[in-house]
Amino acid sequence: MARRRHVIVGGGTAGLNAITTIREQDAGASEIALVSAEPPYSRMVLPYFLGRRIAESHVFTATPARLEALRVQPYLGRKAQSLDATARRLTLDDGTVLDYDDLLIATGSSAIRAPVPGADGRGLHSFWTLEQARRVVAEIAPGSRVILVGAGFIAFTILNAILDLEARLTIVEIAPQILPRMIDRTGAEMVEGWLRRHGVEIHTGVTLTGIEESPEGKRLRFQRGEDLLADVVIMATGIRPNLEWLAGSGVAVNRGVLVDDHLRSSVPTIYAAGDVAEGRDLVTGEPALHAIEPTAMEHGRIAGANMAGDDVAYRGSLLMNIVEVRGLEIASFGAWEAQTGETSAMLRPERSAYRKLVWDGDRLIGAMIVGKTNDIWTTNDVGMLKGLVQSGKRLGPWKAHLHRNPFDLKRAFVASGTTASLLPRTLLGRPSIPAEQIP
Amino acid sequence: MKILRIIPERCTGCLRCEIACSYMQTGTFQPAKSVIRVSSFEAHTSYAPYTCTQCSEGWCMTACPVEAITLSPVGAKVVVEDRCVGCKLCTIACPYGTIFYNPDTHKAFKCNLCDGHPACAEACPTQAIEYVEAETADWLGAFAAARAQPHLATALARGEGR
């Protein structure tokens, strides 16, 4: 019998986790081809490269030697062009044809720019890929006037790096608040105040209408208010999944590739994982696109296990984000935005701390936390909030306790036996092995 | 593997484990940098230490985007400092709240079982922390629940909360 042939399209977190999981199970018995337009690196650590805290070499996740050790046949610098699901055949942009037994769609997403005149001009950047990061790194110098267009999670991940480079930073956001998809208005106001005290200029509720070159620098025009001048403009105005190459393939696509609890698409031999996959949301049970690192990792491992012949169902991905700006942590989990749920919130301005819990009955379905990094309870409670939302533990009388004091999480977490309900849980039904110990 | 078994009934709340842990982990006596943390129950009449269970999934380890958390020879999930960039994904992935971030070093830190000689267990004067061959478990749940009942009952009787 011929060796089973897997094709992995995309060398990011989802694709690499699928590869290591396949190898964990089959110890090299199958063929794996990896098609990746870029060399494998971690997008998550690019902000630290920008801030000069790590060398560029630190960002790479799978070197050619590592891929060889994993017995992966790499097609790097190549893009998938078209997919024939019936013939089980993938065609690359250089005409290479790859036949497969099963295939993983893990092509991630791309940065999109606000549709304004001038937004494609020179000196305007996105910060999403390594190549884009290199260009931004080359341009920011001490004293540079930097404008971030968009105040979402991606913009916030590079905020510390820009300030570390001693640039003068201005943030402009079309929504009435910063981080509109990560925290509520109350939390946003606390963070905005904190950032202003750290020298960041913030304009919310402003609509960019154009960007022009001028003798004083790049001139940003807005629907209302004064123009702003910049040396470097970074557009952080959203991302969209890379799905164009699937046109005509017969794979069902909604906002992303629709997948079942085995990460299988509408075509049984084709899986999807990460930013491109629209799979089950752990909290709502509904299909959702979670373009976040933890989801890419979990999707990749589940898909890899199933491609290697295992039968592993996924409970769903938990939306979660954490970002720190100048010593202030901001994190949110699950359905923190739910309009229907009961909420318990508490603001402690003197400690720059805010908590909000969202309930469904006596279970937590969402949570938000803002607090100082050097407040030891901040990171402690970040994890416990995740555990409470992830486990869906019924908190009984502790709900009233947490409603009175959302800061006293640990007591409720420990006494409700949340640890006992989490300990038996593993993603793949077995203990995890560190990737470096595979194969 | 050998793990930390916690017997909360024996804890007197002396905090020696926190002091020993921080000294072993950072070379300084600062409980804020300890990775074992003592909590009070029943209005400060009982105490129990809480730390990483070295869970099977290793949520911190699988979440790390740069493989900076690995398994040590004694089976602990440990942070490899040279590789950690301080992105904190591990701190939101760990559902137990037992991996931390050090703003001074910009690195994550957690219990590494002191490479097989846990300082907390050695320092505990009442053997409330033992380093033994055992399956990991929820050492504190039942203890804390039993001690919480009077507190919760009083609060509910006063009509606090909902």
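**Exercise 1. Compare the length of helix 8 of chain A with the expected length, and state how covered the helix is.**

Solution. Step 1: helix 8 of chain A covers residues 293-307, which is 15 residues. Step 2: from its first C-alpha to its last, helix 8 reaches 21 Å in this predicted model. Step 3: the expected value at 1.5 Å a residue is 21 Å, and the helix is close to it. The expected span is 1.5 Å times one less than the number of residues. Step 4: for cover, a residue is buried if 20 or more other C-beta atoms lie within 10 Å of its own. By this test 15 of the 15 residues of helix 8 are buried, so the helix is mostly covered. Step 5: after the helix comes A:Gly309, with a positive phi near 105 degrees.

**Exercise 2. Describe the side of chain A that touches chain B.**

Solution. Step 1: take two residues to be in contact if their C-beta atoms lie within 7 Å. Then 51 residues of chain A are in contact with 45 residues of chain B. Step 2: list the elements of chain A that give two or more residues to this side; among them are helix 8, strand 22 (320-325) and helix 9 (376-391). Step 3: helix 9 of chain A gives the most, with 11 residues. Step 4: sorted by class, this side of chain A has 23 nonpolar, 18 polar and 10 charged residues.

**Exercise 3. Decide how compact chain B is, starting from its secondary structure.**

Solution. Step 1: chain B has five helices and eight strands. Read from the N terminus, their order is β-α-β-β-α-β-β-α-β-β-α-β-α. Step 2: the globule rule gives 15 Å for 162 residues, and the radius of gyration of chain B is 17 Å, close to that value, so chain B is as compact as a globular protein of that length. Step 3: along its principal axes, the C-alpha trace of chain B spans about 50 × 35 × 30 Å. Step 4: 47% of the 162 residues of chain B count as buried. Step 5: of the contacts in chain B between residues at least 6 apart in sequence, 58% join residues at least 24 apart.

**Exercise 4. Find the domains of chain A and describe how domain 2 meets domain 3.**

Solution. Step 1: the domain assignment of chain A gives domain 1 (5-109 + 240-317), domain 2 (124-237) and domain 3 (327-421). Step 2: the C-alpha centres of domain 2 and domain 3 of chain A lie 30 Å apart. Step 3: nine residues of domain 2 are in contact with nine residues of domain 3. Step 4: on the domain 2 side, the classes are six nonpolar, two polar and one charged residues.

Methods. Residues numbered from 1 in each chain as written. Chains lettered and ligands numbered in written order. Predicted model: local features only at pLDDT ≥ 70, side-chain atom pairs only at ≥ 80, totals over all residues. Domains from an automatic or database assignment. Nonpolar A, V, L, I, M, F, W, Y, C, P; charged D, E, K, R; others polar. Helix = DSSP H or I, 4+ residues; strand = E, 2+ residues; numbered from the N terminus. Rg over C-alpha atoms; globule rule 2.2 N^0.38 Å. Buried ≥ 20, exposed ≤ 12 C-beta atoms within 10 Å, placed from the backbone.
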